[in-house]
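Student: I would like a close look at a single part of this model. Please take one helix and go through its geometry, its burial and its surroundings.

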Amino acid sequence: MPEQDKESETAIRSVMVGVDGSDTSLSALTWACELASAMSAPVVAVTSWQWPTGLGPAMAFPTGYDPAGDARTMLEGIVAEASHRFPTVTLEARIVEGHAAEVLVEASRHADLLVVGSRGHGAFSGMLLGSVSQHCATHSLSPVVIYRDRSRPPARS
């Protein structure tokens, strides 16, 4: 196989990154931008939002409560900062209604790589809370990088 064909098969042409505003997701976005810069690939930062649900009587929300708007404000600020730090990388913000794990798996349909952060809750709380990164690793339609910030000590179970 010619060298150029091998390179086109392994080139990363698009990167999706799950961003929730946490330090780990910001580090994952930085990592993805560094990779994308080297590969001349665009990055799509994806965040999800949901209306809070509860059991029993309907929940009262404060006037002006706007989870979609809050998600948009958060993500657009993060993407603006990343665009400033990585001016050669094309960055897009995408806000989607739904559960984070499902939104990211769907986003993986349109990416060569999905990057998510690992909060490192530990084994026991991870079982109770579920794990977005584990769900993505199991169900993604593209390769997944689970970014773990090495400057933070691992969580203990």
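Tutor: The model is predicted, and the part chosen here is helix H2, residues 23–39. A convenient place to start is the point where the helix has ended: just after H2, Ser40 takes a positive phi of about 55°.

Next, the length. H2 has 17 residues, and at 1.5 Å a residue these should span 24 Å. The C-alpha atoms at the two ends of H2 are 24 Å apart, so the expected span and the model agree.

Now the burial. The buried residues of H2 are Thr24, Ser25, Ser27, Ala28, Leu29, Thr30, Ala32, Cys33, Leu35 and Ala36. Strands S1 (15–18), S2 (43–49), S3 (91–97), S4 (113–117) and S5 (144–147) are among the elements that cover them, and helix H3 (67–85) is another.

Two of these buried residues can be taken one by one. Ser27, which lies in H2, has a relative accessibility of 19% and therefore counts as buried, the cut-off being under 20%. Leaving aside residues up to four places away in sequence, Ser27 touches Tyr147 and Asp149.

Cys33 has 0% relative accessibility, so this residue also counts as buried. Cys136 is likewise buried, because its relative accessible area is 0%. As for disulfides, which require a pair of cysteine sulfur atoms within 2.5 Å, the count comes to zero.

Conventions:
Residues numbered from 1 in each chain as written. Predicted model: local features only at pLDDT ≥ 70, side-chain atom pairs only at ≥ 80, totals over all residues. Heavy atoms only, no water. Helix = DSSP H or I, 4+ residues; strand = E, 2+ residues; numbered from the N terminus. Expected span 1.5 Å × (residues − 1). Buried < 20%, exposed > 50% of the residue type's maximum accessible area, 1.4 Å probe, protein only. Contact = heavy atoms within 4.5 Å.
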